[in-house]
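Subject: Structure handover

Hello,

Here is the structure I promised you. Please open it first, then read my notes alongside it.

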Amino acid sequence: MPASIKVQEQFGDDVQVIFVECQGTEKNTYEAFSWKMKWRGNNAIWTNERVIPTVGRGLPEVALIGVDGTVLLQGYPGDFGKELEETLALEVKKAKDAPAGTPATLKKAWGAFAKGDLAAALAECDKVAGDDGAKARAEFVARTEARIARAERLLDGGDLSEADELISSLAKSCKGSAELAPKVAVLATKLASPELAAEREAAKAWSSFVGKVAKDKPFDGGNVKKAEALAEKHKGTKNGARAAHFAELSKINLNR
Amino acid sequence: MKNSNWRLTASALALAGVAWLASSMPVVEGEKVDFSFREAPINAAGIKGMADLRGKPILIDFWGKN
C-alpha cells in the first residue's frame with residue numbers, strides 16, 4: 001500500500017493509482033482509515049468496486065494497466081520485484097511517445113501532442129494522407145475530449161482547484177483548434193462566473209487545508225476544529241460539505 | 001398475476017446473475033479493460049471510468065482495511 005502511494009506521489013498526473021478495498025469495509029470507514037494512515041493529499045482514488053477481478057488468493061494484489069488499456073501485470077506485488085517498477089516507468093515514457101508502429105510521417109504530430117500543442121498535432125495529421133493521419137487525428141481529439149469532459153465534471157463537482165489547472169492546460173493545448181478551443185472557452189467562462197465565486201473560495205480553502213493536514217496527524221483535534229470552522233464558513237458549498245464530512249470521519253472508531 | 005410476478009422476478013434475477021458473472025470474469029493479461037464506476041470513487045476528481053484515463057498508465061492496488 002505505501003508503495004502505491006509513493007508511486008502516485010512520485011509520478012503525479014502521469015499515473016493514476018486506484019485503491020480497491022476488497023474486504024467489504026464500509027466506505028466511510030476505509031475513507032477515514034486512508035486519512036488516518038496519511039495516505040491522502042495526492043491524486044489516488046479510492047473505491048470498493050473491482051475495476052478488474054482479482055486473480056490471487058489473498059491481499060495485497062496489484063495490477064498494472066498500460067497506456068493501451070490492457071493488463072500488463074497482475075498478482076502479488078512481491079512476486080514482480082523490479083519488473084513492476086520498470087514496466088511502469090516504461091509506460092509513463094510510452095504515454096508521451098508515439099505508439100509502436102506509428103509511421104515516421106506522424107512522429108511530428110505525436111511529438112506536438114505530447115508537448116500539449118493539439119492544434120499543431122492536428123495540422124500535422126492533416127498533412128498525412130490516408131487512414132493513418134485520420135486515425136491519429138481521431139485519437140488526439142478523443143483524448144482531448146475526454147479531458148474536456150473531465151473538466152466539466154470537476155466544475156460540477158466543485159473540484160475547482162483541479163478544474164482550474166486542467167482548464168488552463170486545455171486552453172494552452174487547444175489554442176488555434178477551431179473544433180475544441182470554443183468548448184474550452186465555455187469551461188473557462190463557467191469557472192470564472194460569479195455564481196461559482198463562493199465555491200472557488202471554498203475550494204481554495206479546502207485544498208490548502210488538505211495540503212497542510214494530509215501528512216501531519218489529519219485527525220488531530222486542532223485539525224478537526226479547523227475543518228469544522230471551514231465547513232461553517234463555507235456552508236452551502238460542496239467544499240464546505242467536504243470539510244464537514246472530514247470532521248465526521250474523524251469520529252469513526254477505526255479499532256472495531 | 002402472481003405467476004407473472006414470479007416470472008418477472010426470475011427474469012430479473014437471471015439477468016442480474018449474467019451481469020454478475022460477466023463482471024467477475026477474469027481479465028487476462030493483454031486484454032483491454034473497460035470499466036465505469038457505479039458510484040463516484042473517493043477523491044475521483046471527475047474520473048468516472050477507464051475511458052477518462054485513456055492513454056495513461058493505471059496502477060490498481062487491491063487492499064483490505066483489516
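Which residues of β1(B) are buried on one side, and which on the other? Ile58(B), Ile60(B) and Phe62(B) are on one side. Leu59(B), Asp61(B) and Trp63(B) are on the other. Both faces are covered. Buried means under 20% relative accessible area, exposed means over 50%, and partly exposed is in between (1.4 Å probe, protein chains only). In a regular strand the side chains alternate between the two faces of the sheet.

Some ground rules. This is a predicted model, in which local features need pLDDT of at least 70 and side-chain atom pairs count only at pLDDT 80 or more, while totals for chains, interfaces and linings use all residues. Residues are numbered from 1 along each chain as its sequence is written, chains are lettered from A and ligands numbered from 1 in the order in which they are written, and side-chain values use heavy atoms, with hydrogens and water left out. Helices (H or I, at least four residues) and strands (E, at least two) are DSSP runs, numbered from the N terminus.

**The strands**

Start with strand β1 of chain A, residues 16-21. Six of its six residues are buried, so the strand is largely enclosed by the rest of the structure. Gln16(A), Ile18(A) and Val20(A) are on one side. Val17(A), Phe19(A) and Glu21(A) are on the other.

β1(A) has a partner in chain B. It pairs in the parallel sense with β1(B), residues 58-63, over six bridges. Two strands pair if DSSP finds at least two bridges between them. Val17(A) stands opposite Leu59(B). Val20(A) stands opposite Phe62(B).

β1(A) also pairs with β2(A), residues 45-47. This pairing is parallel too, over three bridges. Here Phe19(A) has Trp46(A) as its bridge partner. Between these two strands the chain passes through helix α2(A), residues 27-36, in a right-handed β-α-β crossover. Right-handed means that, with the strands pointing away from the viewer, the path from the first strand over the helix to the second runs clockwise.

Now back to β1(B). Six of its six residues are buried, so β1(B) is largely enclosed by the rest of the structure. Five bridges join it to β3(A), and the two run antiparallel. Glu61(A) has Phe62(B) as its bridge partner there.

β3(A) and β4(A) pair in the antiparallel sense over four bridges. Leu64(A) stands opposite Leu73(A). The two strands form a hairpin with five residues between them. In the turn, Gly69(A) has a positive phi of about 85 degrees. Four of the five residues of β4(A), residues 71-75, are buried.

**The cores**

The largest nonpolar core has 36 residues. A nonpolar core is a set of buried Ala, Val, Leu, Ile, Met, Phe, Trp, Tyr and Cys residues joined through side-chain atoms within 4.5 Å. Phe19(A), Trp46(A) and Trp63(B) have the most contacts inside this core. A second, separate core has 30 residues, including Ala109(A) and Leu196(A).

What does Trp63(B) contact, leaving aside its neighbours within four places in sequence? Among its contacts (heavy atoms within 4.5 Å) are Met1(A), Phe19(A), Tyr30(A), Trp39(A) and Trp46(A).

**Helix α4(A)**

α4(A) spans residues 107-114. Ala109(A), Trp110(A), Ala112(A) and Phe113(A) are buried in it. They cover an arc of only 160 degrees around the axis, which puts them on the same side of α4(A). That arc is taken from the directions from the helix axis to the C-beta atoms. The buried residues of α4(A) pack against α5(A) and α6(A). Just after the helix, Gly116(A) takes a positive phi of about 90 degrees.

**Backbone details**

A cis peptide bond joins Leu59(A) and Pro60(A), with omega about 0 degrees. Pro60(A) lies in the loop between β2 and β3 of chain A.

Lys38(A) is not a glycine, yet has a positive phi of about 65 degrees. It lies in the loop between α2 and β2 of chain A. Lys38(A) is partly exposed, with a relative accessible area of 35%.

Asn43(B) is not a glycine either, and has a positive phi of about 65 degrees. It lies in the loop between α1 and β1 of chain B. Asn43(B) is partly exposed, with a relative accessible area of 31%.

Best wishes
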